[in-house]
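Colleague: Mind if I quiz you on this one? I'd like to hear the reasoning behind the labels.

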Amino acid sequence: MSLSTVGDTKNAENATENAKVALTVNGRVRQLELDPRTSLLDALREHLHLTGTKKGCDHGQCGACTVLINGRRINSCLTLAVMHADDEIVTIEGLGSPDALHPMQAAFVLRDGFQCGYCTPGQICSAIGMLAEAKAGWPSHATADVAAQTTALTDAEIRERMSGNICRCAAYPNIIAAIRDVAEGDRG
Amino acid sequence: MRPFTYERAIDPEAAVAAVSKAGAKFISGGTNLLDLMKLEIERPIHLVDISRLPLKDIKEEPDGGMRIGAQATNSDVAADIRVRTRYPVLSQALLAGASGQLRNKASVGGNLLQRTRCPYFYDTAASCNKRDPSSGCAAIGGINRGHAILGASDACIATHPSDMAVAMVVLDAEIELLDADRATRRIAIGDFHRLPGTTPHIETALKTGEMITGVVLPAPPEGRQFYRKVRDRASYAFALVSVAVVVATERGTITSARVAFGGVAHKPWRAKEAEAALTGGTATMATYWAAAEAAMAGATGRGHNDFKIELAKRTLCRTLAHAAQEN
């Protein structure tokens, strides 16, 4: 009836059997045995020790845990790891390294798009996902005519599209500058 | 979070069979359910993952309408060029809700079934008839700035938080359901969500074990469509008041009008009285104001939310003035 059932329903009230799940993270397949309750965020941080992805609110309100799943940005705190077998997961560690930064990482450094840095991995993953959405022609709440085929990525558009990422240090002007640099580089 | 077992359903029939176990629940995007499970407000003992079911298609129907699969994400619907051109109010409403990350995960079916964001529903130390029937309502007499002004009861003054559903109500959408006996049925979205009455924990007309498989939109109604949302910050916040309208005019006369409100009631609120007041009238502020008065004739504030009655009227007038502009 179903592809995979994990855990023992009869004993679910007391304890849950761990579930075997293979996650593809930053191009590597990782075999894990996880309590079904494990969020993707906790699987990344606590089981794979990829601590670049941050836990902020753990309720989908701050965006610090943003990762890319099959190229799309999501909150890793609000999804279960067991739901992501068969997906391509990319975290901040998969984007670039200190010696070879991703263009978005380089732009955040150049534009000083952070202060404490806690929200930065989420901001960068979100910005990369957001630019892909804009490139695909997706409108936003800031778009005057949602039926228009293309939308100029103005600062107002970037702000609206990045509203799921909170920066407690309020580095927003520099975050927008960094994203604008990359967006303009893409066009050129 | 309480322990649970997990399975991924391979087809819709397997999904409805799997969810027939006591304590089982469907999970799709998980953006609302997991949030509530972390707080132990939702306590399923078995989760049936329906997010991979082949119910993601957004298709044109022979009658000029569209069918949106229940597992299509909010993002996919909002970005669909056919939705954007033919049902702009739906795209606008979706884009007014949540954040980019959440819209990428949240499904259409899950959006319809999301729970209220009433802070007392979320606060397990507070009484809440929706979370714990017969325990009382802490919002009545509490901080109720965000609460309902229409259709509320002495048991519950919570609002339905969806933007998408408000647009679907104004478009006369139908919800397609599949039950454990593999029978399908369709229900008008206006009949899907319930008013709280004495049973605010029963929120929809879904029967036990039924699954939403899709939403059917009739051919676009005549007229211009517009969604306006008023909230405490510019983005990523729930509505204080929102309005969806479809208005057709001819030489300054309103020939047809549809109006729905969000953020004001336990369900997306269709305002037929306002529609009657608009139809046949001149496209002027006096007509809009009369319609707004008609829409809010039955509204009741609970103290902190009294301002929403005036806010809803003004939001409707502004939205109508915008939508009724003839090209």
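Colleague: First up, what is the mean pLDDT of chain A, and how much of the chain reaches 70 or more?

Modeller: This is a predicted model, and the mean pLDDT of chain A is 93, with 90% of its residues at 70 or more. Residues 8-14 of chain A are another matter: pLDDT there is below 50, and the stretch has 10 contacts in the model beyond near neighbours in sequence. Where pLDDT is low, the predicted coordinates should not be read in detail.

Colleague: How many residues does each chain put into the contact, and how much area do they bury?

Modeller: Chain B gives 50 residues and chain A gives 51. Between them the two chains bury about 4200 Å², 56% of it on carbon and sulfur atoms. On the chain B side, B:Y6, B:R8 and B:Q101 lose the most area to chain A, together 17% of what that side buries.

Colleague: Why is the pair B:K38 and A:D58 called a salt bridge?

Modeller: The N to O distance between their side chains is 2.9 Å. The rule asks for a Lys or Arg side-chain nitrogen within 4 Å of an Asp or Glu carboxyl oxygen, so this Lys and Asp pair qualifies. The rule finds four salt bridges across the interface of chain B and chain A.

Colleague: And what makes up the rest of the polar side of things?

Modeller: There are 22 residue pairs in polar contact across the interface, both partners at pLDDT 80 or more. Elements of chain B giving two or more residues to the side that touches chain A include β1 (5-9), α2 (33-38) and α6 (100-105). The residues of that side split into 22 nonpolar, 17 polar and 11 charged.

Methods: Residues are numbered from 1 along each chain as its sequence is written. Chains are lettered from A and ligands numbered from 1 in the order in which they are written. Side-chain values use heavy atoms; hydrogens and water are left out. Contact means heavy atoms within 4.5 Å. Buried area is the accessible area (1.4 Å probe) that two parts lose on being put together, summed over both. A polar contact is a pair of N or O atoms within 3.5 Å; within protein, one must be able to donate a hydrogen and the other to accept it, and residues adjacent in sequence count only if both atoms are side-chain atoms. Helices (H or I, at least four residues) and strands (E, at least two) are DSSP runs, numbered from the N terminus. Ala, Val, Leu, Ile, Met, Phe, Trp, Tyr, Cys and Pro count as nonpolar, Asp, Glu, Lys and Arg as charged, and the others, Gly among them, as polar. pLDDT is the predictor's confidence in each residue, from 0 to 100.
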